[in-house]
Amino acid sequence: MKKSLINEAVKRISLDREHGAAQLAKEALKALKLIIEMDKSKNLTEFLINVEEAGFKLANARPSMASLMNLISKTIYLIKERSNALSLKELKKFAISKINEIIFESENAVNKIAELASKFIKEKTVITHSFSSTVIEAIKKSSVKKVIVSEGRPLFEGRKTAIQLSKFNIPTILITDAALGFFISKSEAALVGCDSILIDGSIVNKVGTYLLALAAKDNNIPFYVVSETSKIIPKNINEIKLETLSGKEIAKKLPKKIKVENLYFDITKPNLITALITEEGIIKPEEIKIKAQEILKHYNALKIN
């Protein structure tokens, strides 16, 4: 197996600031599929070692994005589970088939979530933050009055959201992140995606989401989160390390005495969330705990802590 192929895929995913968690998880699965197709292992043991190594690197390419880690670890778990009953050729065929199936399920999940979420925002003025393909799908399926989008500094993912919405002739207002507190009173519902769902029902999403949730709570505006259940992780708030990026994304020329902190994600607690909308319906905190235990079993296949 070519390590360069793995490293190139990991680098591409780790540096990608254009796409959300669902898309990057799909890219990781496609990379794993290509690695398996090109694998030259001579026996099952060698193949499993190579696949586990590739899976571990891909799963950890973006640790803050749960669906990437979850779907890769689930794939490796299923491959290892079937390894005792199949030949090397059969196992490779099974692995490729399973990856295609997981990708299809993920894409179908987005459609189900969007359908359900559209019922909560129909004919309303919606406010959102950053970029989420699931949020965009939900809005497309709804006859919303208009959408208020914050920029999502420093990389302006919100601008990408606004441009996408404009292509579908959806009335859109682009605002600065700092203006969220003012514009929340002009909206009727807040709708965001997320990168991870923690075991207590808290969510990890682009920094600024927490401030939007606080503003929504203070103004009695419902705050909805759309997410695949594959974004659940078996961790609590104290176990999460939030991803930070280069300070140069915020400011390139500053006095050396100034330290720039470019925090990429923040955490929104469940008391600020009106509903978690998933492909399985509205999910409750106690259901999250059950699903987290299943995911932990998959993590063990890759020895992920």
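**Exercises on a predicted model**

**Exercise 1.** In this predicted model, determine which residues His129 is in contact with, leaving aside its neighbours within four places in sequence.

*Solution.* With those neighbours set aside, the residues in contact with His129 are Ser150, Gly152, Asp177, Leu180, Leu191, Val192, Lys206, Val207, Gly208, Thr209 and Leu212. Two of these partners are then examined through the side chain of His129. With the side chain of Ser150, the side chain of His129 makes a polar contact at 2.6 Å. The backbone oxygen of Val207 is reached by the side chain of His129 at 2.9 Å.

**Exercise 2.** Decide whether His129 and Ser97 are buried, partly exposed or exposed.

*Solution.* His129 belongs to strand β1, residues 125-129. Its relative accessible area is 3%, and buried means under 20%; therefore His129 is buried. Ser97 lies in helix α5, residues 88-121. The relative accessible area of Ser97 is 42%, and the partly exposed range lies between 20% and 50%; therefore Ser97 is partly exposed.

**Exercise 3.** Establish the order of the strands in the open sheet, and state which helices pack on the sheet.

*Solution.* The open sheet consists of 7 strands in the order β3-β2-β1-β4-β7-β11-β12, with mixed pairing. Its edge strands, each pairing on one side only, are β3 (172-175) and β12 (281-282). Within the sheet, β7 (residues 223-226) and β11 (residues 275-278) run parallel and are joined by 3 bridges. Val226 stands opposite Ile277 in β11. Helix α5 packs on the sheet and touches β1, β4, β7, β11 and β12; the direction of α5 makes about 145° with that of β11. Helix α6 (residues 133-140) also packs on the sheet, touching β1, β2, β4 and β7; the direction of α6 makes about 135° with that of β4.

Terms used
Residues numbered from 1 in each chain as written. Predicted model: local features only at pLDDT ≥ 70, side-chain atom pairs only at ≥ 80, totals over all residues. Heavy atoms only, no water. Helix = DSSP H or I, 4+ residues; strand = E, 2+ residues; numbered from the N terminus. Buried < 20%, exposed > 50% of the residue type's maximum accessible area, 1.4 Å probe, protein only. Polar contact = N/O pair within 3.5 Å; in protein donor to acceptor, adjacent residues only side chain to side chain. Contact = heavy atoms within 4.5 Å. Pairing = 2+ DSSP bridges. Axes fitted to C-alpha atoms, helices over the stretch in contact; angles between N-to-C directions.
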